[in-house]
Amino acid sequence: MKKKWTADKTRMLFEKPFFELMFQAQQEHRKYFNPNSIQISTLLSIKTGSCPEDCKYCPQSARYKTDVKKESLLEIEKIINAAKKAKSSGSSRFCMGAAWKNPKEQDIPYLEKIIQEIKKLGMETCMTLGSLNDIQAKKLSNAGLDFYNHNLDTSENFYSNVVTTRTYQERLNTLNVVRNSGIKICSGGIIGLGEKKQDRIELLMTLSNLSIPPESVPINMLVKIPGTPMENNKNVDPFDFIRIIAAARIMMPKSYIRLSAGRKNMNDQTQAMCFMAGANSIFYGCKLLTAENPEEQNDLKLLKKLNLHPEYQKYNTSKKFKYNSLVSSLKINKNQYYNADIS
Ligand code: SAM
Ligand code: DTB
Ligand code: SF4
């Protein structure tokens, strides 16, 4: 039986001296991953704005007056072109987000078609569409969807301070539906919502104690968007953030830990320490869903300085992918690239 992360054990981890925590995280990271290899995903908002939910951090909620321009579901050609562009610049996973509470039945055939077309490009697919029922999840799974992103965001106790239009249990139910459908889970949270250390501990406990922990765990730093109720939240101390990445790495050693939203506001040194603490996935491309992400050129420079290379996808046999521009602009030696994945 899988050992549970208890509250005491997790608190002790959080309270370890910083360098001991970092050392332990690095040891765990090296058991399952090549520490110089990084998974690269690209995001696209396929349906933007006017969301009926009231997530207090989100610029896409219809409740808040932000600069986000609402758009209806994008045409398939636009989505495929964006995926092709992402692939040619080195991304191996294409993640699509829709500002919905949940998809409607009539949207499912279109979503299936999108997944099938992107899979034909040899990319992994991820979607985040709100809550799903069993039938919808099974259909998306059969169409080839690899990952479903559905964040718990924070602790169950703090949740109602962040969202009131749904419950934590509903979020957990969707994670369960996704797990049963065979789609891999991408679930994490946001730091900087006004939560306490205890809420961060509880979030990581909940994620790591799921019957199978999420394969991918995005840790977002709040992007403070003007017009949202959280626009004036206090800044997160970068060392507290690095500590959370390290704790996530130790508690979910086999999962990809994604240094997710908020990188635009982090300096290179903070990001480097997040990678040292075990983060091994990023969103690449100058836009997240609606908010800014670092410019591609800046990321390339940083990856180069740190000798980080994109993860070699075993399933991807296309020559074009192997010699993509990200690899060539990082001047990666062919052998180094092929040997990237030690798992
Ligand atoms: N509507 C779907 C849902 O919420 O499940 C999917 C899209 S939603 C924008 C995806 C995730 O983005 C949220 O769960 C949240 O964790 C993250 N997010 C949204 N706004 C953010 C912000 N301002 N800063 C950091 N992360 C944010
Ligand atoms: C996740 O945890 N972070 C991404 C992805 N999953 C979908 C989204 C970040 C959104 C940041 C705000 C925006 O771009 O609108
Ligand atoms: Fe809607 Fe998702 Fe934004 Fe919440 S986070 S308001 S559900 S788009």
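**Close-up 1. Ligand 2 and the cavity that holds it in the predicted model.** In this predicted model, ligand 2 sits in the largest cavity. Around ligand 2 there are 14 residues, of which Asn151, Asn220, Leu289, Thr290 and Ala291 come nearest. By class, this shell consists of eight nonpolar and six polar residues, with no charged residue among them.

**Close-up 2. Polar contacts of ligand 2 with asparagine 151, asparagine 220 and leucine 289.** Two of the contacts shown involve asparagine side chains: a polar side-chain atom of asparagine 151 lies 2.8 Å from an oxygen atom of ligand 2, and an N or O atom in the side chain of asparagine 220 is 2.9 Å from an oxygen atom of the ligand. In the case of leucine 289, the partner is a polar backbone atom, which is 2.9 Å from an oxygen atom of ligand 2. Taken alone, ligand 2 exposes 410 Å², and the protein buries 88% of that area.

**Close-up 3. Ligand 1 and its surrounding residues.** The space taken by ligand 1 is the largest cavity. Ligand 1 is surrounded by 16 residues, the closest being Thr128, Asn151, Asp153, Arg171 and Val223, and this shell divides into 10 nonpolar, four polar and two charged residues.

**Close-up 4. Polar contacts of ligand 1 with alanine 98, tryptophan 100 and aspartate 153.** Polar backbone atoms of two residues face nitrogen atoms of ligand 1 in these pairs, with a distance of 3.3 Å for alanine 98 and of 3.5 Å for tryptophan 100. Aspartate 153, by contrast, contributes a polar side-chain atom, which lies 2.8 Å from an oxygen atom of ligand 1. On its own, ligand 1 has 550 Å² of accessible area, and the protein covers 91% of it.

**Close-up 5. Cysteines 51, 55 and 58, listed by UniProt under "binding site".** The listing of Cys51, Cys55 and Cys58 comes from an unreviewed UniProt entry, and in the model Cys51, Cys55 and Cys58 belong to the lining of the largest cavity. Cysteine 51 is placed in the loop between strand 1 (37-47) and helix 3 (76-88).

**Close-up 6. A further "binding site" annotation, covering Cys95, Cys126, Cys186 and Arg258.** This annotation, too, is taken from an unreviewed UniProt entry. Although the annotated residues are spread over 164 residues of sequence, they cluster in space, with a largest C-alpha distance of 13.8 Å. The lining of the largest cavity includes Cys95, Cys126, Cys186 and Arg258, and cysteine 126 lies in strand 3 (residues 124-128).

How values were computed
Residues numbered from 1 in each chain as written. Chains lettered and ligands numbered in written order. Predicted model: local features only at pLDDT ≥ 70, side-chain atom pairs only at ≥ 80, totals over all residues. Heavy atoms only, no water. Near = heavy atom within 4 Å. Polar contact = N/O pair within 3.5 Å; in protein donor to acceptor, adjacent residues only side chain to side chain. Areas by Shrake-Rupley, 256 points an atom, 1.4 Å probe, with all protein chains shown as cover. 1 Å grid on protein atoms, 1.4 Å probe; cavity = no way out; pocket = protein on both sides within 12 Å on 5 of 7 lines; lining within 4 Å. Sits in = over half its atoms within 2 Å of the grid points. Nonpolar A, V, L, I, M, F, W, Y, C, P; charged D, E, K, R; others polar. UniProt positions renumbered as here; feature names shortened; annotations may be inferred. Helix = DSSP H or I, 4+ residues; strand = E, 2+ residues; numbered from the N terminus.
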